[in-house]
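Here are my notes for when you open the file. Keep the viewer beside you and find each residue as you read.

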Amino acid sequence: MSTDSPDFPEQDDDAKIQEPRLWVGNGWTARVIKNEEDEGWAVAMIKDGEPEPALVGPWTMGRDKKNPKPLDVNAFNTLVKTAAEVLRRHEQQLHAQLHKSLYVSVDGGQVKVMLDIVPDEDHPYAMLSAYDEDGEELAKVRTSAAFKLSAGSAAAWIENDYRKP
């Protein structure tokens with residue numbers, strides 16, 4: 001099986017650091033840290049450029065049962081894969097929260113209604129849009145980010161000639 005894929009990043013021989021408790025490469029930093037909650041150790045995975053770890057998890061004790069097991073290329077690549085998956089799932093969840101769509105039956109067929117929330121820190125808002133069965137835009141209005149898209153609210157918007165809800 002080839003390891004030259006997104007699921008198995010190839011070993012980065014040019015990693016900046018390859019130490020027992022700190023490993024940097026493939027766009028990530030793995031840092032073995034003392035677990036504040038108990039006697040053990042944890043590993044924090046931080047994506048380059050990010051202020052917070054994408055993943056913090058327990059880390060194996062070494063043979064002396066006192067110090068952590070040293071990082072190695074296999075452990076690092078597994079941690080990169082796991083941390084990248086955590087970020088991917090978080091992005092999918094965020095996308096699902098910010099972008100919703102549904103179909104409403106009307107006399108002429110189906111209308112796809114979409115709500116796209118723009119999470120601006122100062123003035124969040126949403127764009128409510130409608131499309132016919134051919135994908136042609138029927139209407140688009142700016143509305144409150146708190147607007148709740150449902151079959152009922154979408155039908156009411158359509159019946160109100162796509163006026164701002």
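1. Start with the open sheet: its four strands come in the order E6-E7-E8-E9, and the pairing is antiparallel. Strands E6 and E9 sit at the edges, each pairing on one side only. Ignoring direction, neighbouring strands here are turned by 20 degrees against each other on average. Bear in mind that this is a predicted model.

2. Now zoom in on one pair from that sheet. E6 and E7 run antiparallel and are joined over eight bridges. If you want a spot to click on, take Leu102, whose bridge partner in E7 is Val113. Helix H1 packs on the sheet as well, where it touches E6 and E7, and its direction makes about 40 degrees with that of E6.

3. The other helix to look at is H2. Which strands does H2 lie across? The answer is E6, E7, E8 and E9, and H2 runs at about 60 degrees to E6.

4. Next, the largest nonpolar core, which has 17 residues. Val113, Leu115, Leu128, Leu149 and Trp157 are the ones with the most contacts inside it. Where do the residues come from? At least two each are supplied by E6 (99-106), E7 (109-118), E8 (125-131), E9 (137-144) and H2 (151-159). E7 gives the largest share, four residues. Notice that Val113 turns up again here: this core residue is also the bridge partner of Leu102.

5. Leu128 deserves a click of its own. Setting aside neighbours within four places in sequence, Leu128 is in contact with a long list of residues, including Val113, Leu115, Leu149 and Trp157. Those four are also among the residues with the most contacts inside the core. The list for Leu128 also takes in Met114, Ala139, Lys140, Val141, Thr143, Phe147 and Pro165.

6. There is another core, lying apart from the one above. How many residues does this other core have? It has 14, among them Trp41, Met45, Ala75 and Val80.

7. Strand E4 (residues 41-47) is mostly covered, with five of its seven residues buried. On one side of the story is strand E3 (residues 28-34), which runs antiparallel to E4 and is joined to it by seven bridges. E3 and E4 make a hairpin, with six residues between them. To see the pairing, find Ile33, which stands opposite Ala42 in E4.

8. E4 has a second partner to check, strand E5 (residues 55-59): the two pair in the antiparallel sense over five bridges. Here the residues to look for are Ala44 and, opposite it in E5, Val56. As a general point while you look at strands, side chains in a regular strand alternate between the two faces of the sheet.

9. Phe76 is a nice residue for practice. It lies in helix H1. Is Phe76 buried or exposed? Its relative accessibility is 2%, so Phe76 counts as buried, the cut-off being under 20%. Leaving out residues up to four places away in sequence, Phe76 touches Trp23, Val24, Gly25, Asn26, Trp28, Ala30 and Met45. Met45 also belongs to the 14-residue core. For a feel of the fold, compare two distances: Phe76 and Gly27 are 49 residues apart in sequence, and 12 Å apart in space from C-alpha to C-alpha.

10. Finally, the charged side chains. How many salt bridges does the structure hold? There are two. In one, Arg88 pairs with Glu85, and the closest N and O atoms are 2.6 Å apart. Arg88 and Glu85 are three residues apart in helix H1 (residues 73-98), so about one helical turn separates them.

11. In the other, Arg89 pairs with Glu85, with 3.0 Å between the closest N and O atoms. Arg89 and Glu85 are four residues apart in H1, so here too the separation is about one helical turn. Shared partners join Glu85, Arg88 and Arg89 into one network.

12. One last check on those three residues is how open they are. Arg89 counts as exposed at 55% relative accessibility. Arg88 is partly exposed, its relative accessible area being 38%. Glu85 is partly exposed too, at 27%.

Key: Residues are numbered from 1 along each chain as its sequence is written. This is a predicted model: local features need pLDDT of at least 70, side-chain atom pairs count only at pLDDT 80 or more; totals for chains, interfaces and linings use all residues. Side-chain values use heavy atoms; hydrogens and water are left out. A nonpolar core is a set of buried Ala, Val, Leu, Ile, Met, Phe, Trp, Tyr and Cys residues joined through side-chain atoms within 4.5 Å. Buried means under 20% relative accessible area, exposed over 50%, partly exposed in between (1.4 Å probe, protein chains only). Contact means heavy atoms within 4.5 Å. A salt bridge is a side-chain nitrogen of Lys or Arg within 4 Å of a carboxyl oxygen of Asp or Glu. Two strands pair if DSSP finds at least two bridges between them. Axes are lines fitted to C-alpha atoms, for helices over the stretch in contact, and angles run from 0 to 180 degrees between N-to-C directions.
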